[in-house]
Amino acid sequence: MNLSPSAKKVQRFLEERGFGHLRVVELPTSTRTAQEAAEAVGAEVGQIVKSLVFLGENGAYLFLISGKNRLDPFKAQRATGEALRRATPEEVRALTGYAIGGVPPVGHETPLPAFLDQDLLAYPLVWAAGGTPKALFSLTPEELLALTGAQVADLKEA
């Protein structure tokens, strides 16, 4: 298994946390968007986990959103209790260690408080970015919650 350095970092994180059965795979095609990722692995767009970073007065937050949904900024602010703005690509890289399009839900430079879109719980398996725009790994929503410590919330735009 020849993974790029960023994907290896995610795989190592999973192994260190006792989730070595989860495997990061790098595909020949882009998985940068939820649609591309779903097509690449033969999944529904809703099974793709988008990792979005937002900033507030008290720090940064990670929102794990189903690929079929858009994050509602008002629901996000209600969940965190503060005004938020989307992190810039540079801020995302500094906080997580990964570039936009490949940000995994785990293994960040700075551990971020996380919130999980409740719609992800409807799927037996979900797919998350594995550190690069071509890397992914699948896991159950329960494993995702265990790895991220995320709070489940209604986060989607109506």
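This report walks through the strands, two helices, the cores and the biggest pocket of a predicted model.

## Strands side by side

Let's start with β7, which covers residues 135–139. This strand has several neighbours. One is β6 (residues 126–129): the two run antiparallel, and four bridges hold the pairing together. You can follow the match residue by residue, since V126 sits opposite L139, while W127 has S138 as its bridge partner. β6 and β7 form a hairpin with five residues between the strands, and in that hairpin G131 has a positive phi near 110 degrees.

β7 also pairs with β1 (residues 25–26), again in the antiparallel sense, over two bridges. Here E26 stands across from A135. How much of β7 is covered? Most of it is, with four of its five residues buried.

Now go back to β6, because W127 turns up again. β6 is joined by two bridges to β2 (residues 48–56), and this time the strands run parallel. In that pairing, W127 is opposite I48. So W127 faces I48 of β2 and is also partnered with S138 of β7.

## Helix α2 and its buried face

Helix α2 spans residues 34–41, and A34, A37 and A38 are buried in it. Why do they line one face? Looking down the axis of α2, the buried residues all fall within an arc of 100 degrees, so they share one face of the helix. There's a handy rule behind this sort of pattern: an α-helix has 3.6 residues a turn, so residues three or four places apart point the same way.

What do the buried residues of α2 pack against? Their partners are β2 and β7. After the helix comes G42, with a positive phi near 70 degrees.

## Helix α5, inside and outside

α5 (141–148) has its own buried set: P141, E143, L144, L147 and T148. These cover an arc of only 155 degrees around the axis, which puts them on the same side of α5. On the face turned away from that buried side you'll find the exposed residues E142 and A146.

The buried residues of α5 pack against a long list of elements: α1, β2, β3, β5, β6 and β7. Just after the helix, G149 takes a positive phi of about 65 degrees.

## Two nonpolar cores

The largest nonpolar core is made of 33 residues, and L14, V24, V53, F137 and L147 have the most contacts inside it. Elements giving two or more residues to this core include α1 (5–16), β3 (59–66), α4 (89–96) and β5 (114–117), along with β2, β6, β7 and α5. The largest share, four residues, comes from α1.

There's also a second, separate core of eleven residues, with F63, L84, A153 and L155 among them.

## The largest pocket

The largest pocket has a volume of about 490 Å³. Its lining takes in 27 residues, and those lying nearest the centre are K50, S51, L52, R86 and I100. Which elements give two or more residues to the lining? They are α2, β2 and β6.

β2 supplies the largest share of that lining, seven residues. You've met this strand a few times by now: β2 is joined to β6, packs against buried residues of α2 and gives residues to the largest core.

Note on methods
Residues are numbered from 1 along each chain as its sequence is written. This is a predicted model: local features need pLDDT of at least 70, side-chain atom pairs count only at pLDDT 80 or more; totals for chains, interfaces and linings use all residues. Side-chain values use heavy atoms; hydrogens and water are left out. Two strands pair if DSSP finds at least two bridges between them. Buried means under 20% relative accessible area, exposed over 50%, partly exposed in between (1.4 Å probe, protein chains only). The arc is that of the directions from the helix axis to the C-beta atoms. Contact means heavy atoms within 4.5 Å. A nonpolar core is a set of buried Ala, Val, Leu, Ile, Met, Phe, Trp, Tyr and Cys residues joined through side-chain atoms within 4.5 Å. On a 1 Å grid over the protein atoms alone, a cavity is a set of points where a 1.4 Å probe fits but cannot get out, and a pocket is an open set with protein on both sides within 12 Å along at least five of seven lines; lining residues have an atom within 4 Å of a point. Grid points are joined across faces, edges and corners, and a volume is the space filled by probe spheres set on the points.
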